[in-house]
Amino acid sequence: MPSIASSINVYDDEGEFGDYYMGKVRIYDRNGVETDDDDSDLLYSKIIMNTDSIAYNELPTSQRSDGARMCFIHEVGHVLRLAHPYEGSAFGHYYANLLPYAVMNTGLPVNRSNGKYDQVAWTVADHDKLCLTGKWGY
């Protein structure tokens with residue numbers, strides 16, 4: 001089994017994104033077949049990043065590189081088999097009907113008047129760490 005560092009490859013946008021997607025992960029099983037199965041053995045993965053600045057235009061110019069960094073951390077979370085909190089309610093991802101503050105939430109960490117993305121962290125947050133510990137141990 002390769003180390004996690006040797007099993008991650010980062011690619012530029014490969015023309016697969018619309019204006020709203022910042023990144024995605026493709027995971028390949030031990031046979032080299034792309035899979036969404038969380039229980040399969042990881043052979044390697046590809047992190048594909050959207051390099052079009054339009055993807056980050058909700059952030060002030062001074063925060064766009066931080067937004068791209070946050071997106072990369074989020075995608076690494078997927079490689080480590082973390083889900084978006086709203087997709088994993090079996091693990092108690094809701095607190096008083098609200099999403100936890102986590103880098104694994106979807107979206108950019110901007111405050112809007114409707115509060116839509118208030119729970120998106122700029123980096124790994126306590127909730128993310130708890131999920132990693134729960135999945136992988138210490």
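This passage describes the confidence, secondary structure and nonpolar core of a predicted protein model. Local features were taken at pLDDT of at least 70 and side-chain atom pairs at pLDDT 80 or more, while totals for chains, interfaces and linings use all residues. Residues are numbered from 1 along each chain as its sequence is written, and side-chain values use heavy atoms, with hydrogens and water left out.

The mean pLDDT (the predictor's confidence in each residue, from 0 to 100) of the protein chain is 76, and 70% of the residues reach 70 or more. Confidence peaks in helix α2 (residues 126-136) at a mean of 90 and is lowest in strand β1 (residues 8-11), at 52. Over residues 1-7 pLDDT remains under 50; for this segment the model has 10 contacts (heavy atoms within 4.5 Å) beyond four places in sequence.

Two helices and four strands make up the secondary structure, assigned as DSSP runs (helices, H or I, at least four residues; strands, E, at least two) numbered from the N terminus. Their order along the sequence is β-β-β-β-α-α. Of contacts with a separation of 6 or more, 55% join residues 24 or more positions apart.

Of the 138 residues, 36% are buried (under 20% relative accessible area, 1.4 Å probe, protein chains only). The largest nonpolar core (buried Ala, Val, Leu, Ile, Met, Phe, Trp, Tyr and Cys residues joined through side-chain atoms within 4.5 Å) has 17 residues, of which Met22, Met49, Tyr56, Met70, Cys71, Val103 and Leu108 touch the most other members. Strand β4 (42-49) and helix α1 (64-79) each supply at least two residues of this core, the largest share, three residues, coming from α1.

Definitions and conventions: Buried < 20%, exposed > 50% of the residue type's maximum accessible area, 1.4 Å probe, protein only.
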